[in-house]
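Subject: Handing over a structure, with notes on what was found

Dear colleague,

I am passing on a structure for you to look through, and my notes on it come after the model itself. Please keep the model open while you read, so that each place can be looked up as it is mentioned.

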Amino acid sequence: MRWRGAPWLLPAALALLVAGCAAPDGAGHVSPRAAPTAPAAPLPPVVDHVTTDDGSVFLTYDDGAERDPRFIDLVRERRLPVSMFLTDSVMGPGYGHFARLRAVGANLQNHTLDHPALPGLPYAGQRAQICGQQRKLAARFGIRPRLFRPPYGTYDTTTLRAAADCGIAAVVLWRVTLEPDGHLTYAHGPHRLRSGDIVSVPSGEAPPLSLAERTTRLLRELDERNLKVGRLEDHVGRHAGPAPPGPAASGLPGAPSGPPEVP
């Protein structure tokens, strides 16, 4: 086709043609927006004692391997607010025993699915161990624990991040261990029980004293020192706070250094 109009009309016509084909200003263009992201949960604090001067000592029992029926009677008779840190692969299939313990006042908390050493494991693996046990305890007992004890008392920063993402408010270690023979050992500080101590009672392989016998011996010592058994959950895990800086793979400096728990 030959243009027959005035030469000066050609540029104007082309401009109108281009303008007619172009999209309106802003049409067809999606301005980039950052996807909303939830803020990361604060890392849970790591504690091995409670700051209190009310004479309370806190009794914590690990794994769930020992199912002593006399221990249930002792918890009921003495109204002991003990905390049971449970591992699913160890406690199963003894769920009924721990349901009875819970019914008489024990608190059930998280100690992983399978009791692995967590430091060095990738985030996905640590999260699976912690969140997996959260789901197990929710399914079995209808609870979502706020406290977590890492196997062997060891953890790293990845452990704290996974614990936070699983809804854990505090990571609980210990200063005192009640050994299978009923004697006490101390990770650090004075070699005597004092207000605020967290006592760990690990599972033993055929211990010389039953769980009820060991606990009774400990209660006698508490009575002699004018101490009492406190409810750990009233003091720890109610509010999340900052974690101690730079946890080592072997746990906190001054963390429990006694014999590890028996998986």
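What follows is a short account of the chain as a whole, then of two helix packings, and then of some individual residues.

Please bear in mind from the start that this is a predicted model, and that the values below were computed from it.

**The chain as a whole**

The chain is built with seven helices and ten strands, and of its 263 residues 47% count as buried. About 13,500 Å² of the chain is exposed, and carbon and sulfur atoms supply 56% of that area. If you consider the contacts with a separation of 6 or more, you will find that 75% of them come from residues 24 or more positions apart.

**Helix H2 and its two partners**

Before we turn to the helices, it may help to know that two packed helices are described by the angle between their axes and the distance between the axes. How, then, do H2 and H4 pack? Helix H2, which covers residues 69-78, packs with helix H4, residues 95-103, at an angle of about 15 degrees, and their axes are 9 Å apart. Angles under 35 degrees count as roughly parallel, and therefore H2 is described as roughly parallel to H4. The crossing of these two helices, H2 and H4, is right-handed. On the H2 side the contact involves Pro 69, Phe 71, Ile 72 and Val 75, which meet His 97, Arg 100 and Leu 101 of H4. Sorted by character, the residues of this contact of H2 with H4 are five nonpolar, one polar and one charged.

H2 also packs with helix H7, residues 211-224, and here the angle is about 30 degrees, with the axes 8 Å apart. This angle, too, makes H2 roughly parallel to H7, but the crossing of H2 with H7 is left-handed. The residues that make the contact are Arg 70, Phe 71, Leu 74 and Arg 78 from H2, together with Leu 211, Ala 212, Glu 213, Thr 215, Thr 216, Leu 219 and Asp 223 from H7. The residues of the contact of H2 with H7 divide into five nonpolar, two polar and four charged.

**Buried residues with partners far along the chain**

Thr 215, found in helix H7, is buried, with a relative accessible area of 0%. Which residues does Thr 215 touch, not counting residues up to four places away in sequence? They are Leu 59, Tyr 61, Phe 71, Leu 74, Leu 80 and Leu 178. Although Thr 215 and Leu 59 are 156 residues apart along the chain, their C-alpha atoms are separated by 9.0 Å.

Asp 68 is located in the loop between strand E2 (56-63) and H2. Because its relative accessibility is 9%, Asp 68 counts as buried. Leaving aside neighbours within four places in sequence, Asp 68 is in contact with His 97, Ser 210, Leu 211 and Ala 212. The C-alpha atoms of Asp 68 and Leu 211 are separated by 6.4 Å, and these two residues are 143 residues apart along the chain.

Gln 134 belongs to helix H5, residues 123-141, and is buried with a relative accessible area of 1%. With neighbours within four places in sequence left aside, the contacts of Gln 134 are Asn 110, Ile 143, Arg 144, Pro 145, Cys 166 and Ile 168. Between the C-alpha atoms of Gln 134 and Ile 168, which are 34 residues apart along the chain, the separation is 9.2 Å.

**Places where the backbone deserves a second look**

Most residues other than glycine have a negative phi, and most peptide bonds are trans. The peptide bond from Gly 92 to Pro 93, however, is cis, with omega near 0 degrees, and Pro 93 lies in the loop between helix H3 (88-91) and H4.

Thr 112 is not a glycine, and yet its phi is positive, at about 80 degrees. Similarly, His 115 has a positive phi of about 60 degrees although it is not a glycine. Thr 112 sits in the loop between strand E4 (107-110) and H5, and His 115 is likewise found in the loop between E4 and H5. Are these residues buried or exposed? Thr 112 is buried, with a relative accessible area of 0%, and His 115 is buried as well, with a value of 3%.

With best wishes

Notes:
Residues are numbered from 1 along each chain as its sequence is written. This is a predicted model: local features need pLDDT of at least 70, side-chain atom pairs count only at pLDDT 80 or more; totals for chains, interfaces and linings use all residues. Side-chain values use heavy atoms; hydrogens and water are left out. Axes are lines fitted to C-alpha atoms, for helices over the stretch in contact, and angles run from 0 to 180 degrees between N-to-C directions. Helices (H or I, at least four residues) and strands (E, at least two) are DSSP runs, numbered from the N terminus. Angles under 35 degrees count as roughly parallel, over 145 as roughly antiparallel, 65 to 115 as roughly perpendicular and the rest as oblique. A crossing is left-handed if the near helix is turned anticlockwise from the far one by less than a right angle, and right-handed if clockwise. Contact means heavy atoms within 4.5 Å. Ala, Val, Leu, Ile, Met, Phe, Trp, Tyr, Cys and Pro count as nonpolar, Asp, Glu, Lys and Arg as charged, and the others, Gly among them, as polar. Buried means under 20% relative accessible area, exposed over 50%, partly exposed in between (1.4 Å probe, protein chains only). Accessible areas come from the Shrake-Rupley method with a 1.4 Å probe; for residues, only the protein chains shown count as cover.
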